[in-house]
Structures are given as C-alpha cells and as structure tokens.
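Good morning, and thank you for coming. I would like to take a few minutes to introduce a structure that is new to this group.

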Amino acid sequence: MSVLVYIEAQNGKLRKASHELAYYAVKSAAILGLDCCGVVVGDCADIQDLGQYGLTQVEQLAPNANGDNMTIAAAVAGVAQAKSASLVIFGHNSIGKSLLPSVAVKLSAGTLSGVNSLPSTDNGFTISKTVFSGKAIATYEMHTPVKVISLMGNSVKPESSEVENVTINNSDIQIADGTIKVIETRREDGTVPLPEAELVVSAGRGMKAPDNWPIIDELAEVLGATTACSRPVADIGWRPHHEHVGQTGVAIRPNLYIAIGISGAIQHLAGVNSSKTIVVINKDPEAPFFKAADYGVCADLFDVVPKLTAALRKFKEN
Amino acid sequence: MKILVCISKTPETTAKITFTDGDTKFNEDGVQYILNPYDEWYALVRALELVEANGGEVVLGHVGPAANDSIIRKGLAVGAHRAVRIDADPLSAEMVAKQIASHAATENYDLILCGKETIDYNGAIIGGLIAAELTLPYVSFVSHLEVSGSEFTLTRDIEGGVEVSKVNGPIVISASKGLAEQRIPKMKDIMMSKRKPIDVIEAVSTDPTTTIIKYSLPQGKQGVKMLGPDDMDELVRLLNEEAKVL
C-alpha cells in the first residue's frame with residue numbers, strides 16, 4: 001500500500017502548491033507507515049526540487065491535448081490502483097477539486113476535501129478541516145479502506161530534509177481523449193493565485209472609488225503580495241469577482257492579511273480568519289475587524305497606506 | 001430543457017457556530033437556516049433563465065428529512081417548477097451524491113447544476129461526485145454558461161483567471177459567483193410555491209464513509225496591538241520580528 005500525491009505542473013514547471021503537497025504526502029506516508037509516490041502529467045523541469053522533502057518516486061503520465069479532467073482522473077485512478085494507494089492527495093484548488101471526485105468514485109473511496117492537518121492513526125484514521133467557512137474546525141474519522149483528500153493551501157509549512165533523488169517513471173497508463181474541449185485559458189501573469197498566496201493585501205468600500213486602487217496595487221507590489229477585496233466592492237464591479245475573499249468568495253489562509261477599509265462583517269471574517277497574522281487599517285474605531293486583528297491602525301487609509309508602502313520599501317532595500 | 005438543481009440547507013451566514021454533546025454535534029438551537037447561497041443565487045437562477053429562454057422545467061433535488069421542506073419551498077418560490085426530496089439525513093458527500101445520482105439516472109436531465117460548495121462544510125465536490133457516478137462530464141466553478149442546441153460553452157474560474165470550454169450535454173456543473181444574479185421572490189411567488197409538488201422518494205442504501213467525531217473553534221486572537229498612522233516603520237518591524245511574516 002502507498003500514499004499517492006497529485007503533483008501540479010503548469011507550463012512545464014511545478015506549481016507552488018506542489019511543494020506543500022509533496023511535503024504533506026511524505027509526512028502522511030511516514031505516519032501511516034507507507035511508501036509515498038507522486039503522479040504528474042507531462043514533463044516538469046524542476047521536479048527534482050521535490051527530493052528535498054523526501055519524495056523519491058514520481059509516475060509521469062504523458063499529456064494528451066485532447067484529454068479532460070475526467071480522463072486525467074481516470075488515469076490517476078489507474079496509477080493509484082497500480083500503486084495500491086490507500087490515500088490519494090490533491091491540492092484543494094481548481095485542479096484538485098475537479099479531479100478528486102472522479103478519482104474517488106473510481107476507487108470507491110471516502111473523501112474529505114480541504115483538510116488542514118496531517119492524518120492521525122491513534123484512534124482510527126482521523127483528520128481535520130475547517131468548516132462553516134473557517135468559523136470552526138471539525139475532526140473526521142474516515143472509514144473506507146481507500147481515502148481521497150484535498151489539502152487546503154498553506155496548511156503545513158514545507159521543511160527540507162536531506163535531498164533525495166527523485167526517480168521519474170514514465171507510466172504506461174494513458175490519458176484517453178475527453179469530451180470537454182478547453183478553448184481558451186486567460187490568466188493574469190505574475191501574481192500568486194489567492195488560495196496559495198502567503199501575503200495578501202485586501203481592500204473594501206473604504207476605498208471610496210475604483211480609481212483609488214493604485215495605492216493598494218503599489219503596496220501589494222512592494223510587499224510581493226496578491227490583491228483581494230471584500231464582497232461589496234466585487235458586487236458593484238470595482239474589482240473582479242475572483243478577488244473576493246470571504247464566506248461566499250475565496251477562503252484563504254495566508255501568513256499575512258492586510259485589510260484596508262474593510263469593516264470586517266462576519267461573512268468576510270469567515271473567509272480570512274485562518275490567516276496567521278491580520279493587520280487592519282480602518283478609520284472607524286468601532287470596525288468589528290479590529291477584534292479579529294493582530295495589529296490595527298485606526299486612521300484614514302489614504303494617509304496610512306502610502307506610509308506603510310514607504311516603510312516596507314525602506315525595509316526591503318535594507 | 002430539463003434541468004436538475006441540487007440544493008442544500010445551510011445555517012444563515014451570520015449564525016453563531018456552537019456545539020453540544022461534548023463538542024460532537026452542531027448546536028442547532030436558535031440557528032436560522034437558508035438555502036445554500038451558491039445553490040440559490042447562481043445555480044437555480046441560471047437554470048431558470050435557461051428554461052425561460054428555451055422552454056422546459058427546473059426540478060430541485062434535495063437530500064434531507066421532511067423538516068427541510070420549508071427550505072425546498074424557498075427554491076420553489078424563486079421559480080423552480082417542482083422538487084424531489086430524497087428522504088434521508090445527508091451523512092457525507094459520497095452519500096448525498098449517490099442519492100442524487102440514483103434519482104438522476106432515472107430521468108433525462110439535460111443539465112445538472114450544483115452550487116460550487118455549501119457554506120457549512122465547504123466540500124466543493126458533490127457536483128463532481130454526481131458526475132462521476134453518472135459518468136457525465138463535469139465542469140466546476142462555472143461563472144458563465146451559454147447553451148446552443150446540446151452544446152454548452154462554459155467559463156470556469158481558476159486561480160488567477162478563467163478557462164473557457166465547450167462540451168456536449170448532458171453535463172454536471174458547479175456554479176460560482178457571477179453565473180446569475182440573485183432573485184428575490186414576490187409574495188405571489190411565495191404563495192404559489194405552496195402548491196408546487198415535492199415528490200418524496202426513498203433513499204438508496206449506502207455504507208458510511210466519514211463521520212465527524214469532534215468540533216472545535218479556532219484559537220482567538222490575543223488582542224489587537226494598535227499603532228498610529230506615523231508608526232509604519234514600527235509596524236514593519238513588528239511584522240518582521242514579532243509576527244515573522246515578512
């Protein structure tokens with residue numbers, strides 16, 4: 001039996017999430033006393049980087065331009081069966097969430113999506129995840145012999161150990177032609193996607209108008225952060241929907257979340273309160289967000305944000 | 001078009017989350033329930049728009065006990081034509097998907113829609129499980145959907161962008177924000193909804209897959225440290241040295 005982890009590659013390189021996934025899978029395999037194996041679609045130039053987490057074998061599937069998420073899932077399920085995998089791990093993102101269900105059904109597996117802890121075998125197979133959009137944590141027992149899970153981004157911090165060599169095996173399992181034809185992919189270049197971002201700068205209605213966003217963009221750029229927003233500003237079209245974090249938007253858990261001109265309604269807090277450190281900048285001392293913050297600045301954001309950007313720039317230069 | 005919209009019951013978004021029975025059960029005392037927003041605002045409304053444009057019917061599918069009929073009526077008030085309730089407590093994603101798939105296999109739905117996730121257990125995989133059970137194509141997190149004959153053109157949200165795809169139906173999709181605009185039912189619609197049929201069907205038997213054994217609340221913050229607008233160098237120092245996040 002083994003642990004199989006789906007390694008995400010994009011444009012021939014590892015996606016950031018793959019580091020955490022490889023580390024998590026190796027740790028899980030150690031807890032379960034099993035071997036660990038990765039599976040990746042297509043060539044991945046920096047796959048040897050995963051050796052630093054102790055991942056030593058990766059099955060490589062040949063890409064098929066006519067494949068789709070269903071046929072990729074079928075091939076991954078085939079690899080899982082060939083490896084007698086009892087635990088299959090995906091990232092809890094748009095890739096993992098579209099593959100996981102199909103793999104699980106093919107393997108007659110139990111599922112748990114969005115886990116945030118390593119499994120424990122002290123009392124059956126138990127594992128936890130956040131529920132109620134971050135308002136609580138639930139520990140689940142999984143009863144099925146085969147389990148398929150997805151890992152919420154930024155749940156464990158990958159630590160390097162001794163660097164091992166990763167053996168790549170070209171799998172003889174084929175990705176069949178699919179029925180879903182992707183005709184276009186549009187991505188904003190250069191930014192880390194929100195669910196994977198460790199640093200996030202987010203702004204809300206306190207910004208007063210969409211034209212005022214350059215100060216947010218500048219702060220994010222100096223910090224190397226991804227931008228986000230609250231629901232009202234996405235709803236009125238000031239910012240794109242994919243930036244909306246909160247209960248009905250994206251749930252995130254970055255190391256640093258800077259909330260600017262966001263009051264902190266319970267629905268917004270639900271999506272961001274797993275952030276390690278929260279900074280709130282708001283001129284309203286009654287803003288509920290201050291209660292959920294580590295650091296607060298109660299002042300006009302148009303005064304504070306440029307000063308914070310300047311201070312960060314000075315810090316980065318030193 | 002015949003469309004199945006899968007709906008779930010969730011606590012309302014401002015509900016206070018507490019637990020009972022030694023933190024093993026969600027405390028339902030005083031909790032108001034709503035139709036899961038992704039199911040109601042986006043999946044259901046887009047289904048109604050498609051049927052308004054092309055003819056057909058919108059059927060609600062729900063797994064739950066009779067007490068949930070009041071939630072199903074909300075979906076009927078928004079405009080669905082009828083509902084099917086599979087009479088069982090929803091125990092896990094696998095169990096719910098098997099129930100819905102077992103019903104859908106006996107009907108010729110052109111499209112099965114779910115919300116992208118429920119706002120209580122945030123699984124985001126029911127749609128995919130239903131599709132896999134029925135061996136239908138599955139497209140998740142759809143924020144734009146057009147139909148021409150049996151061909152669907154879908155825009156799907158991915159990290160930092162979108163992916164546009166085409167696929168022939170029948171298909172299963174999960175709806176994300178942007179797919180439609182929320183509709184508020186009028187009093188007349190609410191009255192009408194009481195006369196719309198809810199068919200109750202028996203659940204198929206399934207083996208248990210997962211059980212929640214314990215709940216806990218996230219660790220609260222230690223209290224906020226306030227700084228003045230001119231202390232930004234100090235804030236940066238704290239973020240670096242104390243919080244260690246820079």
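I shall speak about a sheet, a helix that lies across it, and a cavity. Please keep in mind throughout that this is a predicted model.

Let me begin with the sheet. In general, strands of a sheet pair through backbone hydrogen bonds, either parallel or antiparallel. Here we have an open sheet of six strands, and the pairing is parallel. Reading across, the order is β14(A)-β13(A)-β15(A)-β16(A)-β17(A)-β15(B). The edge strands are β14 of chain A, residues 226-229, and β15 of chain B, residues 225-227, each of which pairs on one side only. From one strand to the next, the twist averages 20°.

One pairing may serve as an illustration. Strand β13 of chain A, residues 199-203, runs parallel to strand β15 of chain A, residues 256-260, and five bridges join them. Within this pair, V200(A) stands opposite Y257(A) of β15(A).

I turn now to the helix. Helix α6 of chain B, residues 232-242, lies across β15, β16 and β17 of chain A together with β15 of chain B. Its direction is at about 170° to β17(A).

Finally, the cavity. How many cavities of 30 Å³ or more does a search of the whole structure find? The search finds one, with a volume of about 50 Å³. From chain A, its lining includes F132(A), K135(A) and Q247(A). From chain B come P11(B), E12(B), T13(B), A15(B), I17(B), I119(B) and D120(B). By character, the lining residues divide into five nonpolar, two polar and three charged.

Thank you for your attention.

Note on methods: Residues numbered from 1 in each chain as written. Chains lettered and ligands numbered in written order. Predicted model: local features only at pLDDT ≥ 70, side-chain atom pairs only at ≥ 80, totals over all residues. Heavy atoms only, no water. 1 Å grid on protein atoms, 1.4 Å probe; cavity = no way out; pocket = protein on both sides within 12 Å on 5 of 7 lines; lining within 4 Å. Points joined across faces, edges and corners; volume = space filled by probe spheres on them. Nonpolar A, V, L, I, M, F, W, Y, C, P; charged D, E, K, R; others polar. Pairing = 2+ DSSP bridges. Helix = DSSP H or I, 4+ residues; strand = E, 2+ residues; numbered from the N terminus. Axes fitted to C-alpha atoms, helices over the stretch in contact; angles between N-to-C directions. Contact = heavy atoms within 4.5 Å.
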